[in-house]
Amino acid sequence: MKKIWILFSLVLGVSLAGYPQVLGLRDYRQRVMNYNQDIKQSRAVADAALYALKSVKTGFFPRLDLSGSYSYQFENVEFMEGVRLKHDNYNAEADLVQSVYAGGAVRKQYEMARVQQAIAVLGEKHTLVNMLYAADVNYWTAVANRDLYTIASRFVEIVGELYDVVDKRFREGAISRTDVLMVEARLKEAELQLNASRTNYKTALQALNIMMGEAVEAEPVLRDSIRSGVLLPSVSELAVALDNRADYQTSIRDVELARLETRLVKSNYLPQVVLGIKENWGTLLLNVDGERRFTTLAFANLSIPVFHWGERRQSVRASILQEDMRELDRSKLADQVSLELSTAWTTVSDLLKKTEIVNSSLEIAQDNLFLNTFSYNEGKLPIIDVLSAQVTWLQAYTSVVSVHYQFKVAVAEYYRAVGGE
């Protein structure tokens, strides 16, 4: 029974392999997230920052170091009359050292590492939001070019059908050769436009495939139409957007990091106290008897900076200026976010109205083309009116695709402006 299931699975896999993959917007987004190198790099940076934070944390704990040395004196050295030093000299030492007070430097370094780790996580989010925006634009670009290609194909069919009619009527002697030539010229233009649309669609598919790590020649079936509905965003307050924007939150932490750097600079000019124990085993420095001994030493080091020619004052001033500059960067970014949010929402609102207009214009153009074609077949209109209706239909359909594409991109841009969905 197990063999039958395995055989069935293999047959099913082979048969499904021949079918193109159906790709929706969410499917494409997920595949981009799984493949994109920038996202993976940002995750690696966040992981590295976490490890750096854990490394800095070890500064709070005692350090234990082991060392050893060995030397051999080739010449015979007489320490005093009748007493010669031994040729061998060796020792092993264990140092246990604890920093008791370092002006708060260890604490500041830990806090800075914590902020840097938060910045790395925000960087990962910022990269993800930008990549999802790029994925949306890539997907809708491919969909729009596919729909334009479909429209161009349909236009060739419409003009071809008209050409069959006029050619038949010309052979019957009902019309002049002029009508045939006019329609034939229009057919060639339609075929040329179809070729250009096919090229644009293939190019868009190639960009789509590369971004999700698929073979460049793959031809996925795009599930959505450019006129498909999307989840309309709600108006977002500036405060909400600022809380959600990774780049703005990063700027806040940059200011915090600059303040910690100032405190770290100050800590370098405060007293520092270190306690430790040394355990030494080996021969004496002047090895007379060759005996090995244990020597235990406890020590305390106190370092107090006294006068450095104003170095502390100048270093602190320079660090405070860095705080001020980063605060200005934060303020400037807040204004930029406000502008992006307002502009993006205005664009979405305007394009939403335009989609209603172009949809209505397309319906009118379709009715006009149908009536003009029917009237021409009945001999009530000249061919020029039908050709004009065809152009109007093509322009209206192209406008529908263009405006709906701009609307989809504007929605994606708005979501990016508010910091992601």
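User: Are α7 and α8 roughly parallel or roughly antiparallel to each other?

Analyst: This is a predicted model, in which local features need pLDDT of at least 70 and side-chain atom pairs count only at pLDDT 80 or more, while totals for chains, interfaces and linings use all residues. Helices (H or I, at least four residues) and strands (E, at least two) are DSSP runs numbered from the N terminus, and axes are lines fitted to C-alpha atoms, for helices over the stretch in contact, with angles running from 0 to 180 degrees between N-to-C directions. The axes of α7 and α8 lie 9 Å apart and pack at an angle of about 170 degrees. Since angles under 35 degrees count as roughly parallel, over 145 as roughly antiparallel, 65 to 115 as roughly perpendicular and the rest as oblique, α7 and α8 are therefore roughly antiparallel.

User: Into how many nonpolar, polar and charged residues does the contact of α7 with α8 divide?

Analyst: Ala, Val, Leu, Ile, Met, Phe, Trp, Tyr, Cys and Pro count as nonpolar, Asp, Glu, Lys and Arg as charged, and the others, Gly among them, as polar. On that division, the residues of the contact of α7 with α8 are ten nonpolar, five polar and ten charged.

User: At roughly what angle do the axes of α3 and α4 cross, and how do the residues of their contact divide?

Analyst: Helix α3 (residues 37-57) and helix α4 (residues 105-171) have axes that come within 9 Å and cross at roughly 170 degrees. That angle makes α3 roughly antiparallel to α4. The residues of this contact of α3 with α4 divide into 13 nonpolar, six polar and five charged.

User: How far apart are the end C-alpha atoms of α4, and which residue with a positive phi follows the helix?

Analyst: The expected span of a helix is 1.5 Å times one less than its number of residues, so the 67 residues of α4 should span 99 Å. The end C-alpha atoms of α4 are 97 Å apart, which agrees with that expectation. After α4 comes a residue whose phi is positive, near 85 degrees, namely Gly173.

User: Is Asp167, which forms a salt bridge with Arg171, buried or exposed?

Analyst: Residues are numbered from 1 along each chain as its sequence is written, and side-chain values use heavy atoms, with hydrogens and water left out. A salt bridge is a side-chain nitrogen of Lys or Arg within 4 Å of a carboxyl oxygen of Asp or Glu, and Asp167 and Arg171 meet in one at 2.2 Å, N to O. The two are four residues apart in helix α4, so about one helical turn separates Asp167 from Arg171. With buried meaning under 20% relative accessible area, exposed over 50% and partly exposed in between (1.4 Å probe, protein chains only), Arg171 at 61% is exposed, whereas Asp167 at 18% is buried.

User: How many residues apart in sequence are the parts tied together by Glu340 and Arg245?

Analyst: Glu340 is partly exposed at 26% relative accessible area, whereas Arg245, at 6%, counts as buried. Their side chains meet in a salt bridge of 2.9 Å, N to O. Because Glu340 lies in helix α8 (residues 311-377) and Arg245 in the loop between α6 (238-244) and α7 (246-267), the pair ties together parts whose separation in sequence is 95 residues.

User: Which residue forms a salt bridge with Glu327?

Analyst: Glu327, at 29% relative accessibility, counts as partly exposed. Its partner lies three residues apart from it in helix α8, so that about one helical turn separates the pair. The closest N and O atoms are 2.7 Å apart, and the partner is Arg330.

User: Which strands stand at the edges of the open sheet?

Analyst: Strands pair if DSSP finds at least two bridges between them, and the open sheet of four strands has the order β2-β5-β7-β8, with antiparallel pairing. Each edge strand has a single partner, so one side of each is left without a neighbour in the sheet; these strands are β2 (63-72) and β8.

User: Which residue of β7 stands opposite Val97?

Analyst: Strand β5 (residues 88-101) and strand β7 (residues 272-282) run antiparallel and are joined by ten bridges. Opposite Val97, in β7, stands Gly276.

User: Which residue has a positive phi of about 60 degrees although it is not a glycine?

Analyst: The residue is found in the loop between β8 (293-303) and α8. At 76% relative accessibility it counts as exposed. The residue with this phi is Trp309.
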